[in-house]
Every structure is written in C-alpha cells, then in structure tokens.
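Grab a pencil and open the viewer: here are a few exercises to work through on one chain. Try each one before reading its solution.

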Amino acid sequence: VFPYLHILAKAFNDSNDTAKGGLVFWPRMFTVGNFKMLASNANLIPSIRVSVLRAVCGTVLGLGVQFGAAYALSRKKFPGKKWITYVIMIPTFLSAGAIPVYVLYSKMGLLNNFWVYILPTLFSFYNMVIIRSYIENSIPDAIEESALIDGCNEVQIFIKMILPLSKPILATIALWLMVGHWNDYTTTLTYITNPKLSTLQYNMMEMIKESERIQKMAAAAQQSGQVVDQASVPSSDSLISAQVVLTTVPIMCVYPFLQKYFVKGITLGSVKG
C-alpha cells in the first residue's frame, strides 16, 4: 500500500515541486495538471480503445487456445501427445531472432495490423503446462467416466464438466494474459507505425520521452546562459506516476473478482513433483 500511496502523492503533486524531492505519502501542492497533460494527448481515447480491445480479445482467444491444447494433451488416450509436447516445447527455448520474426510478420501482413497484438500471443507453452497439470491433478477420471455412462459425449463432458471445474485455473491464466496484454508497449514500438493502432502504454511512454527531451533542452539552455521558465518545464517523475495510476486502475478493478480463484489456481495448477 505504501509504495502506491507514494505514487499517488507524486501523481497529484505539482511536477516542479515533485522534482525537489522529499515527497512521501501526501502531495504538498495538490494538482490534477499531470492528468490533464496526459489527457491532452489527441490519441488518448483511441489508444484506450485499442488497449481494451486488445486485452479482451487477447485474453479470450488466448485462453481458448491454451485451455484447448492443455485439455487435449491431458487425455491419456490421446495418440502421440508425448511427441507433440516436445514439438511445441522447442519454440519456448529456441527463437529465430528479431529480424526473422519481423520478416515473417511482414510476409503475413501483420505489420500495422491489429492482429499482430493477438495472433503471436495465442499460445503459451508455460500456461498450457500449468493448465494441463491442473486438469490431471484436480479433476478425477471417475467424473468423466460417470458422465460417459450417463450418455455424454466428449464435447458435453468438456463444456458441462471440465470447464466448470476449471474456474480457478481459468481465472488465474486469464489474469496473467490480461495483465500481459495491458502492459505491453514493445509490440507497438516494433511493428506498428499507424497512430490509430497505438496502445495506451505506448502513447504514455511517448509523452514521458517528450517531457524528458524538454527537460534536457531546458537544462542545455540554462547552461548557455538563457533564461528558462521552470514552471513551463514538466517533471517526468510526476508524469510517470500519473501514468502508473492511469494504467493500473483497470487491472485493480478486475483483480478483486478473480482473487478468490487466484491462489487456488496457482497451487493446484503447479507442476507436482
């Protein structure tokens, strides 16, 4: 709580006063100017829309792919599951590198495309192993056998039995995916040049870099003997704090609804020795 209170104090404090240091848990000069500066970005609303859409689509589709793969590989009678596991494990440890990946995305038409946020992140071997371990260790085979005796097919067992019993691990992986999509800005930095497809985090990062550039220019002007109005020079520290508050509020609103499943999902989904 205390570190976040410190961030809140800097976010709602005058930027030039923050630069003096010594601010702890309460703003000395209360202001909402830092948030107004963030809101002055013309791309703020479109970037929020892109970030929300990315987080929702990436979480739902990624959860579907990873849970489907985990369920299939948890079946004892699934033919060749050992070799399939080895094959999908290889990309976890070996990567072609940034340039081949960029060329691949270019050939696939993913550059300046919203789907560059979604498709490359649909599958995660680590998450799949966690889900598979949960299914194998927490859902008895007797439940599926009783459902088969009652006349259920594989699809009905998956929908009516496996999914409801997997709420803890589903909530856990969903939270991981959502936070990962929400916080990422490097994908935009590498593969997106269209400002309409920029995410909130990327736009916030650009504003902070711009404020740092202005500070360096002001410092250089002072060294050369020019008079600089310090009140017009924004403090990047206050902007960073305002950005942290702005970007963490959505996740903080979602987390309480998933918290009751989180610990159980991690505990039961961990790989047993």
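**Exercise 1: a residue and its neighbours**

Leaving aside residues up to four places away in sequence, find what N127 touches in this predicted model.

Solution. Step one: list the contacts, and you get Q66, I173, W176 and L177. Step two: place the residue itself, and N127 turns out to sit in helix 7. Step three: check its cover. The relative accessibility of N127 is 7%, and the cut-off for buried is under 20%, so N127 counts as buried.

**Exercise 2: the helix around it**

Work out how helix 7 compares with its expected span, and how much of helix 7 is covered.

Solution. Start with the ends: helix 7 covers residues 125–138, which is 14 residues. From first C-alpha to last it reaches 20 Å, close to the 20 Å expected at 1.5 Å a residue. Now for cover: ten of the 14 residues are buried, leaving helix 7 mostly covered. Among the buried ones you'll find F125, M128, I131, R132 and Y134.

**Exercise 3: the cores**

Which residues touch the most other members of the largest nonpolar core?

Solution. This core has 21 residues, and the two to pick are I131 and I173. Next, see who contributes: helix 4 (44–73), helix 7, helix 9 (154–165) and helix 10 (167–183) each give two or more residues. Helix 7 supplies the largest share, seven residues. Then look around I173: not counting residues up to four places away in sequence, I173 touches L63, Q66, N127, I130 and I131. Finally, there's another core lying apart from the largest one, with 15 residues, including F35, L200, M207 and V245.

**Exercise 4: the cysteines**

Count the disulfides, then decide how C57 and C152 are classed by accessibility.

Solution. The count is quick: zero disulfides. For C57, the relative accessibility is 23%, so C57 counts as partly exposed. C152 also has a relative accessible area of 23%, and is therefore partly exposed.

**Exercise 5: the whole chain**

Sum up the chain by its secondary structure, burial, contacts and surface.

Solution. First, the secondary structure: 13 helices and zero strands. Second, burial: 37% of the 273 residues count as buried. Third, contacts: take those between residues at least 6 apart in sequence, and 72% of them join residues at least 24 apart. Last, the surface: about 15700 Å² is accessible, and carbon and sulfur atoms account for 68% of that.

Terms used
Residues are numbered from 1 along each chain as its sequence is written. This is a predicted model: local features need pLDDT of at least 70, side-chain atom pairs count only at pLDDT 80 or more; totals for chains, interfaces and linings use all residues. Side-chain values use heavy atoms; hydrogens and water are left out. Helices (H or I, at least four residues) and strands (E, at least two) are DSSP runs, numbered from the N terminus. Buried means under 20% relative accessible area, exposed over 50%, partly exposed in between (1.4 Å probe, protein chains only). Contact means heavy atoms within 4.5 Å. Accessible areas come from the Shrake-Rupley method with a 1.4 Å probe; for residues, only the protein chains shown count as cover. A disulfide is a pair of cysteine sulfur atoms within 2.5 Å. The expected span of a helix is 1.5 Å times one less than its number of residues. A nonpolar core is a set of buried Ala, Val, Leu, Ile, Met, Phe, Trp, Tyr and Cys residues joined through side-chain atoms within 4.5 Å.
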